[in-house]
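Me: Please examine the fold shown here, and let us discuss the arrangement of its elements in turn.

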Amino acid sequence: MELTPDPGPPPGRTVGGTVVRVLVVDDEQLVRTALSTVLGSADDLEVVAAVDGVGAAAALSAHRADVVLCDLRMPYVDGLTVLRHVASCPPPRPAVAVLTSFADDALVAEALSLGAAGYLVKDSSPEHLIDAVRRLARGAAVLSAEVTRPVIDGFLRSRPDAGAVAQVALLSPREREVLVLMARGLGNAEVADELHLSQATVKYHVSAVLTKLGAENRVQAALVAVRAGLVPTGT
């Protein structure tokens, strides 16, 4: 199942044609330098700061980042703590992608439940990393292929289906249709074509779906759809 729809720019976040401001958080200087070099090679990306976990809160306050790439396992202040801090900030909040060396299904699930919009492995190619940052700035969710299966399996094991079914029951029939297509990885334009609706109407329904499900992003909404049985796993 593809979980990387591109819904277009959300309110309050950088839009196309504007430089995307990126904050890198990693405890290793070498990694910070490498990521800054890769991201800095793209004309439309700017690394506004590269800090360790301890410096993350101050950097978030000092720089209005659009996207945060954050290592998960760091001494003193880890990536989950950074995610909790971002969640406590007033909107518009930056999109946060966890960047780590391995795919740990429990940590993936916890990071997503804390509002992470992406989970990327550190051996991602420079092209994939740059594209992921651009998609995050536009409000899309990005998951490396290595973690998509663990994410789904982890949520299926840890969350009761009855709860997801109850959440989905809050949706109107049209919103449920939109959710299913979101979970299949369709972007707003594709959903609009599929349901013969305008993109503005689709955006309205997507917003309603996220609100009713209490989802921070489309990944979380898609996982609810999977747990509720609306979308078969492995598709």
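Reply: One convention is needed at the outset: axes are lines fitted to C-alpha atoms, for helices over the stretch in contact, and angles run from 0 to 180 degrees between N-to-C directions. The model is a predicted one.

Me: At roughly what angle do the axes of helix 8 and helix 11 cross?

Reply: Helix 8 spans residues 173-183 and helix 11 spans residues 218-227. Their axes come within 9 Å. Angles of 65 to 115 degrees count as roughly perpendicular, and the two helices are therefore roughly perpendicular to each other. The crossing angle is roughly 105 degrees.

Me: How many residues of the contact of helix 8 with helix 11 are charged?

Reply: Helix 8 contributes Leu179, Met182 and Ala183, while helix 11 contributes Arg218, Ala221, Ala222 and Ala225. Of these residues 6 are nonpolar and none is polar. Arg counts as charged, and the number of charged residues in the contact is 1.

Me: In what order do the strands of the open sheet lie?

Reply: The chain has 11 helices and 6 strands. The open sheet has 6 strands with parallel pairing. Strand 2 and strand 6 (142-143) each have a single partner strand, so they stand at the edges, with one side of each lacking a neighbour in the sheet. The order is 2-1-3-4-5-6.

Me: Which residue of strand 5 is the bridge partner of leucine 99?

Reply: Strand 4 and strand 5 (residues 118-121) run parallel and are joined by 4 bridges. In strand 5, the partner of leucine 99 is leucine 120.

Me: What angle does the direction of helix 5 make with that of strand 3?

Reply: Helix 1 (residues 29-40) packs on the sheet, where it touches strand 1, strand 2, strand 3 and strand 4; its direction makes about 170 degrees with that of strand 2. Helix 5 (residues 126-137) also packs on the sheet, touching strand 1, strand 2, strand 3, strand 4, strand 5 and strand 6. With the direction of strand 3, that of helix 5 makes about 130 degrees.

Me: Which residues touch the most other members of the largest nonpolar core?

Reply: The core has 29 residues, and the elements that each supply at least two of them include strand 1 (20-25), helix 3 (79-88) and helix 11. Leucine 23 touches, among others, Val48, Ala56, Leu60 and Val67. The residues touching the most other members are Leu23, Val25 and Tyr119.

Me: What percentage of the residues of the chain count as buried?

Reply: Residues under 20% relative accessible area count as buried. Of the 235 residues of the chain, the buried share is 48%.

How values were computed. Residues are numbered from 1 along each chain as its sequence is written. This is a predicted model: local features need pLDDT of at least 70, side-chain atom pairs count only at pLDDT 80 or more; totals for chains, interfaces and linings use all residues. Side-chain values use heavy atoms; hydrogens and water are left out. Angles under 35 degrees count as roughly parallel, over 145 as roughly antiparallel, 65 to 115 as roughly perpendicular and the rest as oblique. Contact means heavy atoms within 4.5 Å. A nonpolar core is a set of buried Ala, Val, Leu, Ile, Met, Phe, Trp, Tyr and Cys residues joined through side-chain atoms within 4.5 Å. Buried means under 20% relative accessible area, exposed over 50%, partly exposed in between (1.4 Å probe, protein chains only). Two strands pair if DSSP finds at least two bridges between them. Lists of a residue's contacts leave out its neighbours within four places in sequence.
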